[in-house]
Amino acid sequence: LIFPCFWKIQVKNDFQKIVQLGLQYIRKSSQNNNLESIIYYISLLINGKIIPQDFDQAEIYLDKIKEANDPRVFVLLGKICRKKKKFKKALKYFKEGMKIGNLECGYYYAKMAFLGEGSKKFNKKAISFFLNSRANFTI
């Protein structure tokens, strides 16, 4: 017989072990310059839900992959600036990403325009960006 409170503790402990194992894998892959792992790790550092938020560490990893010319770099840089409340700089990164066709940048640019972050509210323009990113989105 397993008591419910013990089961919750066990699940939490197992989850912590799995997260730590996953982070070890991501760090090892990052050392081998695996771009996908580095980008995923940076997004975890920015988000701060699974591991503690650390913009400085995220920026260090971003410096490593800037030369890769991956359009997702603009999304990550924009997200960092937005979380730091540097809205104009975030808009700049999202706009640069939009120019090279990154739909996620278009989404965030539209969201910030709609909310009036970094500029006046542009509801009509924001809605057109939302519709454009949705129309071009493929699974």
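Let me start with one residue, Glu36. Glu36 is partly exposed, with a relative accessible area of 47%. Keep in mind that this is a predicted model.

What does Glu36 form a salt bridge with? Its partner is Arg72, and the closest N and O atoms are 3.0 Å apart. Arg72 is also a partly exposed residue, at 26% relative accessibility. Now look at where the two sit. Glu36 belongs to helix H2, residues 35-47, and Arg72 to helix H4, residues 72-83, so this pair ties together parts that are 36 residues apart in sequence.

Arg72 has another acidic partner. The side chains of Asp70 and Arg72 meet in a salt bridge, at 2.8 Å from N to O. Is Asp70 buried or exposed? Asp70 is buried, with a relative accessible area of 12%. The cut-off for buried is under 20%, so a value of 12% falls on the buried side. Put these together, and Glu36, Asp70 and Arg72 join into one network through salt bridges that share partners.

One more pair. Asp63 forms a salt bridge with Lys66, with the closest N and O atoms 3.4 Å apart. Asp63 is partly exposed, at a relative accessible area of 47%. Lys66 is partly exposed too, at 40% relative accessibility. How many salt bridges are there by this rule? The count comes to six. I am showing you three of them here: Glu36 with Arg72, Asp70 with Arg72, and Asp63 with Lys66.

Step back to the whole chain. There are seven helices and zero strands. Reading along the sequence, the pattern is α-α-α-α-α-α-α. The chain has 139 residues, and 32% of them count as buried. The exposed area is about 9,600 Å², and carbon and sulfur atoms supply 58% of it. Then the contacts. Take those between residues at least 6 apart in sequence: 39% of them join residues at least 24 apart.

Back to helix H2, and to Ser37. Ser37 is found in that helix. Ser37 counts as buried, at 9% relative accessibility. What does Ser37 touch, leaving out residues up to four places away in sequence? The answer is Ile26, Ser29 and Ser30.

Two spacings help to place Ser37. Start with Arg27, which lies in helix H1, residues 4-31. Arg27 and Ser37 are 10 residues apart in sequence, and their C-alpha atoms are 7.8 Å apart in space. Arg27 itself counts as partly exposed, at 34% relative accessibility. Then take Leu23. Leu23 and Ser37 are 14 residues apart along the chain, with 9.9 Å between their C-alpha atoms.

Next, a helix pair further along. Helix H5 covers residues 87-99, and helix H6 covers residues 103-115. How do they pack? The angle is about 145 degrees, and the axes are 8 Å apart. H5 passes H6 in a left-handed crossing.

Which residues make that contact? From H5 we have Phe87, Ala90, Leu91, Tyr93, Phe94, Lys95, Gly97 and Met98. From H6 we have Cys105, Gly106, Tyr108, Tyr109 and Met112. By class, the residues of this contact divide into 10 nonpolar, two polar and one charged. Lysine belongs to the charged class and glycine to the polar one, so Lys95 is the charged residue here, and Gly97 and Gly106 are the polar ones.

Last, the loops. Two residues there deserve a look at the backbone. Asn69 has a positive phi of about 55 degrees, although it is not a glycine. Asn69 lies in the loop between helix H3, residues 55-65, and H4. Is Asn69 buried or exposed? Asn69 is exposed, with a relative accessible area of 67%.

The other one is Lys85. Its phi is also positive, at about 65 degrees, and it is not a glycine either. Lys85 has its place in the loop between H4 and H5. Lys85 is exposed, with a relative accessible area of 61%.

To recap. Glu36, Asp70 and Arg72 share one salt-bridge network. Ser37 is buried in the model. H5 and H6 pack at about 145 degrees. Asn69 and Lys85 each carry a positive phi.

Technical notes
Residues are numbered from 1 along each chain as its sequence is written. This is a predicted model: local features need pLDDT of at least 70, side-chain atom pairs count only at pLDDT 80 or more; totals for chains, interfaces and linings use all residues. Side-chain values use heavy atoms; hydrogens and water are left out. Axes are lines fitted to C-alpha atoms, for helices over the stretch in contact, and angles run from 0 to 180 degrees between N-to-C directions. Helices (H or I, at least four residues) and strands (E, at least two) are DSSP runs, numbered from the N terminus. A crossing is left-handed if the near helix is turned anticlockwise from the far one by less than a right angle, and right-handed if clockwise. Contact means heavy atoms within 4.5 Å. A salt bridge is a side-chain nitrogen of Lys or Arg within 4 Å of a carboxyl oxygen of Asp or Glu. Buried means under 20% relative accessible area, exposed over 50%, partly exposed in between (1.4 Å probe, protein chains only). Accessible areas come from the Shrake-Rupley method with a 1.4 Å probe; for residues, only the protein chains shown count as cover.
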